[in-house]
Amino acid sequence: MSTPLATGEFTRHLRVDHVSAVHVAARVARTVAKAAGLPSSLPDQAAVVASELASNLDKHAREGQLYISPVLHGTGVDIIAADTGPGMLDVDRCLADGHTTTGTLGAGLGAIRRMAAEFAVHTVPGEGTLISARVLAPGTTRTPPVAHVNVPAPGEEVSGDLAAVRETGAGFTLLMVDGLGHGPDAAAASAAVLEAFDRDPARPLPALFTELHRGARQTRGAAVAVLRQRGTRGEFLGIGNVSAAVLAGGSARQLLSLPGVVGLRLPPATVRPVELPPGTTVVLHSDGISGDWLPAATTSAGLVPSLLAGSLVHRHRVTRDDSAVLAVKFPGEPA
Ligand SMILES: [Mn+2]
C-alpha cells in the first residue's frame, strides 16, 4: 500500500475575516515554502508576500481568502488571494509605490510584485479581485506556465485528489487523479496511481492506463485524466468523474471522460486527439470543482494559469469534496 502524500503537498486555504489572519498567513506561507524546499531567505519572503496579501484582504475586501500551495513543476510556492469585492478601479495606480487608499494597499502590492518571481492581477470592479504571487527557488524552470490548487475537503488533513506534470520526450504529460471519496483512503488510492504513473509516464496512453489500473487495484479506486502534449498536438484519455477543457482563441472545449473507475472497472481505452495551438491553456480538474464555469469560460480564457486555477477554486468549489485544479499554458502566441 502506498503512503499518502504529506500534508505539505496540498493547498492551505485560509479565510481572511479578521486581522489575526495576517499572522496566520505568514506562518503558513513560511511552512509551505520550507516544506517545498525553498532555500535561505525565500520562506521569509513568502511569509511577507502572504501577510501583505492577507492585510489587503482584511482592510479592503469582502470574503477574502488565501490559497497557499507548493509549486507543482519546480520549487516554489504560489500564494493566491481572492475576494468578492469591491475590486480595484485602477490596477496600475494601486501597484505604483506610494499609492494608498486607506494606508498600505499601494505600497504593499508594489512590494509583493518586487519579491515575487511571477505576479498577476485580475480585477473586475464590483465583483472582486484575484492576485497571484509566486516565490521561486533560483534556477527553477518557468516553462510551461503551470499552476495547481488542491484544497482538501473540510475537516480533512489530506486531499484525495492529486495532480502531476512530467516532461515526456518533446512535450509534457499532465495527470489529474481523484481517489474515490475523500480522506486518507482516497489519498492512498491517488498515491498508488501516481506511483504507477511515474514508473514510465511516457508510455502510450492505453498501456499507461493498464498500469495505473493495476497499481490502484488494492485501493478503493480513482477517477483519472491524462493529457499528453507534443508540440501543437495532444491526446487525452479520462476515466471517471474528472473534467478537462481546452481554452484557445477565446473559447473553451470540454474533453469528455469515459465511465469507469481506475483500479476497479477499466473500460476499453479510447484515446482522443486534441489540437493544442500555441498559447492554448489546458485545464484538468476533479469533481470538487463544479462544471458550471465552462459555459462562461470565455472570460477565463485570457487568464494566466495561476489566476485561472484560483478563480475556479474560489468561485466554483464544491465544498463537500476535495477540490483540485491543474492549469497549464503551452507557450507561444497564436499566429
Ligand atoms: Mn471527488
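Okay, let's start with a histidine: His148 is buried, at a relative accessible area of 5%. Keep in mind throughout that this is a predicted model. His148 sits in strand E6, residues 146–151. What does His148 touch once residues up to four places away in sequence are set aside? The list is Glu9, Ser69, Pro70, Leu72, Ala163, Val325 and Leu326.

Staying with buried polar side chains, next up is Gln65. Gln65 belongs to strand E2, which covers residues 64–70, and with a relative accessible area of 11% Gln65 is buried too. Its side chain makes a polar contact of 2.4 Å with the side chain of His13. If you leave out neighbours within four places in sequence, Gln65 is in contact with His13, Leu14, Arg15 and Val16, then Leu57, then Ile80, Ala81 and Ala82, and also His314.

Now the core. The largest nonpolar core has 29 residues, and the ones touching the most other members are Leu53, Leu66, Ile68, Val77 and Ile79. Which elements give two or more residues to this core? On the strand side we have E1 (12–16), E2, E3 (76–82) and E5 (128–136). On the helix side there are H1 (21–36), H2 (42–60) and H4 (105–115). As background, nonpolar side chains tend to be buried together in soluble globular proteins.

Let me zoom in on Leu53. Not counting residues up to four places away in sequence, Leu53 touches Leu66, Ile79, Ala81, Leu109, Ile112 and Ile131. Leu53 is also one of the buried residues of H2. The others there are Leu42, Pro43, Ala46, Ala47, Val49, Ala50, Ser51, Ala54, Ser55, Asn56 and Leu57. You'll remember Leu57 from the contacts of Gln65. As for the geometry of H2, its 19 residues should span 27 Å at 1.5 Å a residue, and the end C-alpha atoms are indeed 27 Å apart, so the two agree.

Another helix worth a look is H7. Is H7 mostly enclosed or open? Well, 10 of its 11 residues are buried, so H7 is largely enclosed by the rest of the structure. The buried set runs Pro305, Ser306, Leu307, Leu308, Ala309, Gly310, Ser311, Leu312, Val313 and His314. And His314 is in contact with Gln65, back where we were a moment ago.

On to the metal. Which protein residues are donors to the manganese ion? They are Asp178, Asp287 and Asp321, each through OD, at 2.2 to 2.3 Å from the ion. Along the chain, the donors follow the spacing D-x108-D-x33-D. Asp178 lies in strand E8 (residues 171–179), while Asp287 is in the loop between strand E14 (281–286) and helix H7 (305–315), so this pair ties together parts that are 109 residues apart in sequence. Their surroundings aren't alike: Asp178 is buried at 6% relative accessible area, whereas Asp287 counts as partly exposed at 28%.

Last topic, salt bridges. The structure holds 9 of them, and I'll go through a few. Arg166 pairs with Asp198, with the closest N and O atoms 2.7 Å apart. Arg166 is in strand E7 (residues 161–168) and Asp198 in helix H5 (residues 184–199), so that bridge ties together parts 32 residues apart in sequence. Arg166 is partly exposed at 26% relative accessibility, and Asp198 is partly exposed as well, at 34%.

Then there's Arg233 with Glu275, a salt bridge at 3.8 Å, N to O. Here we go from strand E10 (residues 233–239) for Arg233 to strand E13 (residues 272–275) for Glu275, so the bridge links parts 42 residues apart in sequence. Arg233 is exposed, with a relative accessible area of 51%, while Glu275 is partly exposed at 47%.

A more local case is Arg214 with Glu211, where the closest N and O atoms are 3.3 Å apart. Arg214 and Glu211 are 3 residues apart in helix H6 (residues 205–215), so about one helical turn separates them. In general, an α-helix has 3.6 residues a turn, so residues three or four places apart point the same way. Glu211 is buried at 14% relative accessible area, and Arg214 is partly exposed at 49%. Both of them also belong to a network of salt bridges that includes Arg199 and Arg203.

That's what I have; happy to pull any of this up on screen.

Definitions and conventions: Residues numbered from 1 in each chain as written. Predicted model: local features only at pLDDT ≥ 70, side-chain atom pairs only at ≥ 80, totals over all residues. Heavy atoms only, no water. Helix = DSSP H or I, 4+ residues; strand = E, 2+ residues; numbered from the N terminus. Buried < 20%, exposed > 50% of the residue type's maximum accessible area, 1.4 Å probe, protein only. Polar contact = N/O pair within 3.5 Å; in protein donor to acceptor, adjacent residues only side chain to side chain. Contact = heavy atoms within 4.5 Å. Donors = N, O, S within 2.8 Å, 3.2 Å for Na, K, Ca; no water. Core = buried A, V, L, I, M, F, W, Y, C linked by side-chain atoms within 4.5 Å. Expected span 1.5 Å × (residues − 1). Salt bridge = Lys/Arg side-chain N within 4 Å of Asp/Glu carboxyl O.
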